[in-house]
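I opened this model to look up its pockets and what lines them. After that I picked one residue and looked up its surroundings.

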Amino acid sequence: YQSHFFEFRDIHNGKIFRSHELQTHVQYEVILTTGSGLARYATGDLISVTGFEKDVPYLAFLGRKGAFSDLVGEKLYEHHFQETLHEILTNDLIDLQGIFLIPQNNGIEKPYYLLVYESVGCFEITENQLQRIEAGLCRNPYYKQALNAMQINPLKSQKINPGSTQKLRNLIQDQKKIKDGDIKLPILLRDNQLIQLLLPS
């Protein structure tokens with residue numbers, strides 16, 4: 001932090017802040033100016049502040065800016081969905097082989113998000129859990145506004161066939177030539193090929 005200059009863009013309102021102006025638990029994109037002359041490079045890294053030591057913030061990496069969905073202006077980020085899942089399904093994640101959020105917009109009904117999951121055995125996500133997950137997503141003011149204005153329909157869920165997550169992993173690994181153990185599955189899916197693999201017509 002003594003060799004480069006950092007700025008931070010609030011992901012919700014676009015305002016720019018310097019490091020000593022940051023607030024805890026607000027999400028920012030990092031903008032970097034290096035000592036070697038690279039000026040105001042938006043890194044795409046999303047962070048939040050967990051605390052300060054004097055005026056120097058402690059930063060927690062949340063994810064990449066590109067991993068988000070925007071059907072009607074709701075700006076739903078993958079890391080927010082992941083945080084919500086861990087909060088609501090803490091004790092049930094062991095019963096899941098995979099869980100994904102898929103934006104749905106077929107032009108016939110209002111857009112919505114579909115929570116698809118592959119479970120171990122007979123585990124199923126309850127209606128109460130689904131409502132709590134949606135309440136967590138509503139901490140994003142743009143998602144909440146879109147839902148309240150009835151621009152999008154409420155969150156839905158669907159259990160997928162056994163083995164679907166492994167097929168998804170194999171396809172991504174083959175496409176990107178990723179070694180075993182290095183692959184990290186996306187949680188927010190927008191790629192039609194991956195979606196068709198999980199939800200065949």
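Entry 1, second largest pocket. I started with the strands: β1 (5–10) and β5 each give at least two residues to the lining of the second largest pocket. The model is a predicted one. I read off the lining as Tyr1, His4, Phe5, Phe6, Phe8, Arg18, Ser19, His20, Val56, Pro57 and Leu59. Sorted by class, that lining holds seven nonpolar, three polar and one charged residues. I noted a volume of about 210 Å³ for the second largest pocket.

Entry 2, largest pocket. Here I found about 820 Å³ of space. I counted 32 lining residues, and those closest to the centre of the pocket are Glu78, Lys184, Leu185, Pro186 and Ile187. I then asked which elements each supply at least two residues of this lining. They include the strands β5 (56–64) and β8 (96–104), along with the helices α1 (78–88) and α4 (164–176). By class, I have 17 nonpolar, eight polar and seven charged residues in the lining of the largest pocket.

Entry 3, Glu87. I placed Glu87 in helix α1. Is Glu87 buried or exposed? I put Glu87 down as partly exposed because its relative accessible area is 44%, between the 20% and 50% cut-offs. I looked up its side-chain partner next: a polar contact of 2.9 Å links the side chains of Glu87 and Arg139. I also checked Ile133, which lies 46 residues from Glu87 in sequence and 8.6 Å from it in space, C-alpha to C-alpha.

Technical notes: Residues numbered from 1 in each chain as written. Predicted model: local features only at pLDDT ≥ 70, side-chain atom pairs only at ≥ 80, totals over all residues. Heavy atoms only, no water. 1 Å grid on protein atoms, 1.4 Å probe; cavity = no way out; pocket = protein on both sides within 12 Å on 5 of 7 lines; lining within 4 Å. Points joined across faces, edges and corners; volume = space filled by probe spheres on them. Helix = DSSP H or I, 4+ residues; strand = E, 2+ residues; numbered from the N terminus. Nonpolar A, V, L, I, M, F, W, Y, C, P; charged D, E, K, R; others polar. Buried < 20%, exposed > 50% of the residue type's maximum accessible area, 1.4 Å probe, protein only. Polar contact = N/O pair within 3.5 Å; in protein donor to acceptor, adjacent residues only side chain to side chain.
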